[in-house]
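Reader: I would like a close look at one part of this model, followed by an account of how that part sits within the rest of the chain. Please take your time over the details.

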Amino acid sequence: MSEITTEMEMFVAGLVLDQNTNAPIVLLKEQTGKICLPIWIGLPEATAIASALKQVTLTRPMTHDLLANSINMFGAKVTRVIIHAIQDNTFLARIELTAGDALKLMDARPSDAIALAVRVNAKIFVSEEVLKQAQVTLSSAIGGEGGEIRAEDEEFTASTEGATDFSAIEKDKWAEILAEMDPDDFKYKQ
């Protein structure tokens with residue numbers, strides 16, 4: 001018997017840079033803005049998400065563009081992405097695809113699933129179980145003076161003071177940042 005889980009629809013509220021680790025964080029929020037889910041991601045994935053959100057057109061397709069184009073060419077559609085579990089402190093995601101009457105689930109890293117979702121305008125869902133384990137509430141606006149993200153259980157607190165708010169960067173500036181990047185900028189430790 002399959003396990004029934006409930007899910008909450010969320011959207012990308014923005015990207016910030018963790019001032020302690022210099023790691024990008026994608027922030028997912030639910031519609032009322034009371035629940036937030038921060039996910040630490042790599043620079044390439046942050047770049048992919050930001051370029052899609054800012055609708056930056058590149059001369060050559062990025063990997064997530066290639067994936068979206070391939071899915072479309074084969075007559076499939078990304079219905080939604082689901083961040084469904086946390087295992088060994090790692091978020092797990094699935095991409096839900098439909099092709100005709102067939103429904104297929106494809107495992108993915110949340111950052112890749114989100115980067116794909118923003119390209120194809122697919123909805124993003126997070127399971128209730130993941131939210132129980134990792135949700136935070138916003139005590140003030142992200143990027144605001146002295147803003148903090150606080151976990152419900154107070155085990156996690158990350159200050160956003162001094163963090164780079166990627167959502168504030170204009171489309172032309174993103175194109176400039178991407179053009180100036182060196183391949184070494186995309187090397188990061190997991």
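Is the crossing of H2 and H3 left-handed or right-handed?

Author: The crossing of H2 and H3 is right-handed, and since this is a predicted model, that description, like the rest of what follows, applies to computed coordinates. Two packed helices are described by the angle between their axes and the distance between the axes. For helix H2, which covers residues 63–73, and H3, the axes come within 9 Å and cross at roughly 60 degrees. An angle of 65 degrees would be needed for the pair to count as roughly perpendicular, so H2 is classed as oblique to H3. On the H2 side the contact is made by His-64, Asp-65, Leu-67, Ala-68 and Ile-71, while H3 contributes Asp-112, Ala-115, Leu-116, Arg-119 and Val-120.

Helix H3 also has a place in the interior of the protein. In soluble globular proteins, nonpolar side chains tend to be buried together. Here the largest nonpolar core has 37 residues, and those with the most contacts inside it are Leu-28, Leu-37, Ile-39, Ile-83 and Ile-114. Helix H3, spanning residues 110–120, supplies the largest share of this core, namely six residues.

Ile-83, one of the residues with the most contacts inside that core, leads on to Ser-127, which lies in strand E7, residues 123–127. Ser-127 counts as buried because its relative accessibility is 3%, and, once its neighbours within four places in sequence are left aside, Ser-127 is in contact with Thr-6, Glu-7, Ile-83 and His-84.

Glu-7, in turn, opens the subject of charged pairs, of which a search of the whole structure finds seven that qualify as salt bridges. In one of them the side chains of Glu-7 and Arg-80 meet at 2.7 Å, N to O, and this pair links distant parts of the chain, given that Glu-7 belongs to strand E1 (residues 7–17) and Arg-80 to strand E4 (residues 77–87), 73 residues apart. Arg-80 also meets the side chain of Glu-96 in a salt bridge, at 3.1 Å, N to O, and there the link runs from strand E4 to strand E5 (residues 90–99), with the two residues 16 apart. As for their surroundings, Glu-7 counts as partly exposed because its relative accessibility is 30%, whereas Glu-96 is buried, with a relative accessible area of 11%.

Another salt bridge is formed by the side chains of Glu-128 and Lys-132, at 3.6 Å, N to O. Because Glu-128 and Lys-132 are four residues apart in helix H4 (residues 128–134), about one helical turn separates them. Glu-128 is partly exposed, with a relative accessible area of 42%, and Lys-132 counts as exposed at 60% relative accessibility. Returning to the strands, salt bridges that share partners join Glu-7, Arg-80 and Glu-96 into one network.

As a frame for these details, the protein chain has five helices and 10 strands, and buried residues make up 38% of its 190 residues. Among the contacts in the chain with a separation of 6 or more, 52% are accounted for by residues 24 or more positions apart.

Conventions: Residues numbered from 1 in each chain as written. Predicted model: local features only at pLDDT ≥ 70, side-chain atom pairs only at ≥ 80, totals over all residues. Heavy atoms only, no water. Core = buried A, V, L, I, M, F, W, Y, C linked by side-chain atoms within 4.5 Å. Buried < 20%, exposed > 50% of the residue type's maximum accessible area, 1.4 Å probe, protein only. Salt bridge = Lys/Arg side-chain N within 4 Å of Asp/Glu carboxyl O. Axes fitted to C-alpha atoms, helices over the stretch in contact; angles between N-to-C directions. Parallel < 35°, antiparallel > 145°, perpendicular 65-115°, else oblique. Left-handed = near helix turned anticlockwise from the far one by under 90°. Contact = heavy atoms within 4.5 Å.
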